[in-house]
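Q: I am new to this structure and would like a close look at how its helices pack against one another. Could you walk me through that part slowly?

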Amino acid sequence: MNKKIDNPKTAIVLISILLAVFVVPTSISGTAIALPFIGADLSANLTALQWVVNSFNLTFACFTLLWGSFADNFGHKKSFIVGATIYTVASLLSAMSITPLMLDIARGLAGVGGAAIFSCGSAILIKTFDGEKRTKAFAFFGTTAGIGITFGPTISGFLLDLFNWRAIFILHTAVLAVVILMTPTITKDNLTRHQHPFDKIGSIIFTIALFLLMFSISESAQLGWLNIKTLILLVVSFLSGVIFVMYEKSITNPVLNLTLLKNKKYVGLILVPVVASFSFVTLLTYYPSYLIGVMQFSPSYAGIIMITLTVPVLFCPLLAGKIVSSGVSAISIIFISLILMIFGVILLFLVGGVDGQLYLIGFALFMIGAGMGLTAGLVDGLALSCVEPHHTGMAAGLLNTLRLGSEAIAVVLYGSLLTANLNGILPDLLIKYNSSIDVIEDWINSVASGNLTAPLSNVATNIQSIMLNDIITSYHSAFNFTLAILTIISTIICLFSILLLKRKNVPIN
């Protein structure tokens, strides 16, 4: 097989996978901007709107590992085509939705297809390319994902201005239809080894455990961590996880071969995206609210500042590929990326705030974005290259499950910590300004979402500026506390990853 990217057949394979990969992050980052329009059109309440996003994230994380293991048994090409087809149908159903429930279900189905695209797409690249060509292919892979994340809201906003929210999902349907038409160029699966029955029981247990974990964390933002419902969900999730591990050890055809976790290099590499989840992804989600609420910037100006965080994701994957091709150790690039993310968050903690210098804030965001960009694509290629070929699908599935699961956990944890801090600070402050006790909870929710001016409507005009300054101070304090906790978590994971990758039995190449 000719494994050159410039070969027509392999080039089409790469383009088809990149188009599919582009749709997934575009859908994740671009759907959120359409939620107000969806809510108005379908008369959806806040909970239903949140599940437009949550249902996709939950099914994506739950099914990523399952698709990887399924693909190892039944073929990566076949699984990729099935996943792309599921996503295409789900996108069409999303565009045709007439009720919030129908849209939530369709988005959950899209998450199932998206999991197959990421798990099987990266495995197909591993089999299609090798050497320097593989490095370039995964650099394109990372850059494409970065473009989707960065420009998803822009593309969705453009479609909203020209048409309506349904046009977003129609575009996804059209792009994925083209992907399916290009899949005949993918080399047929060569499944020569003895095939074991698919681990249905293990798959079900794993899905239940992960779903309950993510659902409990999602609900904790409203119910609280010590609420009996949250605790029960967490305990059942933990017990399900224990049962899953015990069951997988007892069978010969596990959905997750636990021997993968004995590969120190692989484990060290799959922890890198977790660091990015607690640094880059949380800021991508919540920092615009901070800029608008605390810094009092307009949405457009806040968007300009956020470019310093997202732009590095566009060019750093290709830059990392070129650096590695020039002979620099790929693991050294990983170490640099981890350091950039950690020190970038620390710098943001030190220089942020109302009196912070914008060039320093921008530099901190750029460091975090550069760290994220250098790992995008590079980590996938390295991690899958250090496992047995017949485990690449499973390894890709575990990598992306950890990536998506940690992103969901990090985002929800951020919101939960921020809200908990505001609940401890704001009630006394709002009562001080004679705010009605009946509306305090609504005001706190408004402030937590970044609308710091909402409580001002309840007080006299002459003290609104003083009250706003106090609210800004409170929000900044809660934000800094939350950022500090997430930075500590990121640092611990970062050090553990570096420790595993620096072991003597791990080749640095």
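A: What follows is a guided look at the helix packing, with a few individual residues along the way.

Please keep in mind that this is a predicted model. The chain contains 19 helices and zero strands, so helices are the elements to follow here. Of its 509 residues, 56% are buried. The chain exposes about 21,400 Å², and carbon and sulfur atoms supply 70% of that area. Sequence distance is also worth a thought: among contacts between residues at least 6 apart in sequence, 81% join residues at least 24 apart. You will meet some examples of residues far apart in sequence below.

A word on how to read the pairs. Two packed helices are described by the angle between their axes and the distance between the axes.

Let us start with helix α14, residues 330-351, and helix α16, residues 378-385. Their axes lie 11 Å apart, and the helices pack at an angle of about 135 degrees. An angle over 145 degrees would count as roughly antiparallel, so α14 and α16 are described as oblique to each other. The crossing in which α14 passes α16 is left-handed. On the α14 side you can find A330, I331, I333 and I334, and they meet L378, V379 and L382 of α16. Sorted by class, the residues of this contact are seven nonpolar, with no polar and no charged ones.

Stay with α16 for a moment, as this helix is mostly covered. Seven of its eight residues are buried, namely L378, V379, D380, G381, L382, A383 and L384. The residues of α16 that meet α14 are L378, V379 and L382, and these three are listed among the buried ones.

Next, turn to helix α11, residues 272-293, and helix α15, residues 358-375. These axes come within 10 Å and cross at roughly 135 degrees. That angle makes α11 and α15 oblique to each other, and α11 passes α15 in a left-handed crossing. From α11, the contact takes V272, A276, S279, F280, L283 and Y287, while α15 brings in I361, L365, I368, G369, M372 and T375. By class, nine of the contact residues are nonpolar, three are polar and none is charged.

One residue of α11 links this view to another helix. S279, which takes part in the contact with α15, is also touched by S490. S490 has its place in helix α19, residues 464-501. Leaving out residues up to four places away in sequence, S490 touches V275, F278, S279 and I342. The relative accessible area of S490 is 2%, so this residue is buried. If you look up the residue ranges, I342 falls within α14, the helix you met with α16.

Now for a pair that runs another way: helix α4, residues 76-96, and helix α5, residues 100-128. Their axes come within 7 Å and cross at roughly 155 degrees, so α4 and α5 are roughly antiparallel to each other. This crossing is left-handed. The contact between α4 and α5 has 18 nonpolar, seven polar and three charged residues.

Inside α4, S94 is a good residue to pick out. At 1% relative accessibility, S94 counts as buried. Apart from neighbours within four places in sequence, S94 is in contact with L103, A106, R107, W165, R166 and F169. Of these partners, L103, A106 and R107 fall within the residue range of α5.

Finally, visit helix α13, residues 312-325, where L314 is found. Setting aside neighbours within four places in sequence, L314 is in contact with T143, G146, I147, T150 and F151. L314 also sits 9.8 Å from A376 between C-alpha atoms, though 62 residues separate the two along the chain. G321 lies in α13 as well. G321 is buried, with a relative accessible area of 7%. Between the C-alpha atoms of G321 and F138 there are 8.2 Å, although the two residues are 183 apart in sequence.

To sum up your tour: α14 with α16 is an oblique pair, α11 with α15 is oblique too, and α4 with α5 is roughly antiparallel.

Terms used:
Residues numbered from 1 in each chain as written. Predicted model: local features only at pLDDT ≥ 70, side-chain atom pairs only at ≥ 80, totals over all residues. Heavy atoms only, no water. Helix = DSSP H or I, 4+ residues; strand = E, 2+ residues; numbered from the N terminus. Buried < 20%, exposed > 50% of the residue type's maximum accessible area, 1.4 Å probe, protein only. Contact = heavy atoms within 4.5 Å. Areas by Shrake-Rupley, 256 points an atom, 1.4 Å probe, with all protein chains shown as cover. Axes fitted to C-alpha atoms, helices over the stretch in contact; angles between N-to-C directions. Parallel < 35°, antiparallel > 145°, perpendicular 65-115°, else oblique. Left-handed = near helix turned anticlockwise from the far one by under 90°. Nonpolar A, V, L, I, M, F, W, Y, C, P; charged D, E, K, R; others polar.
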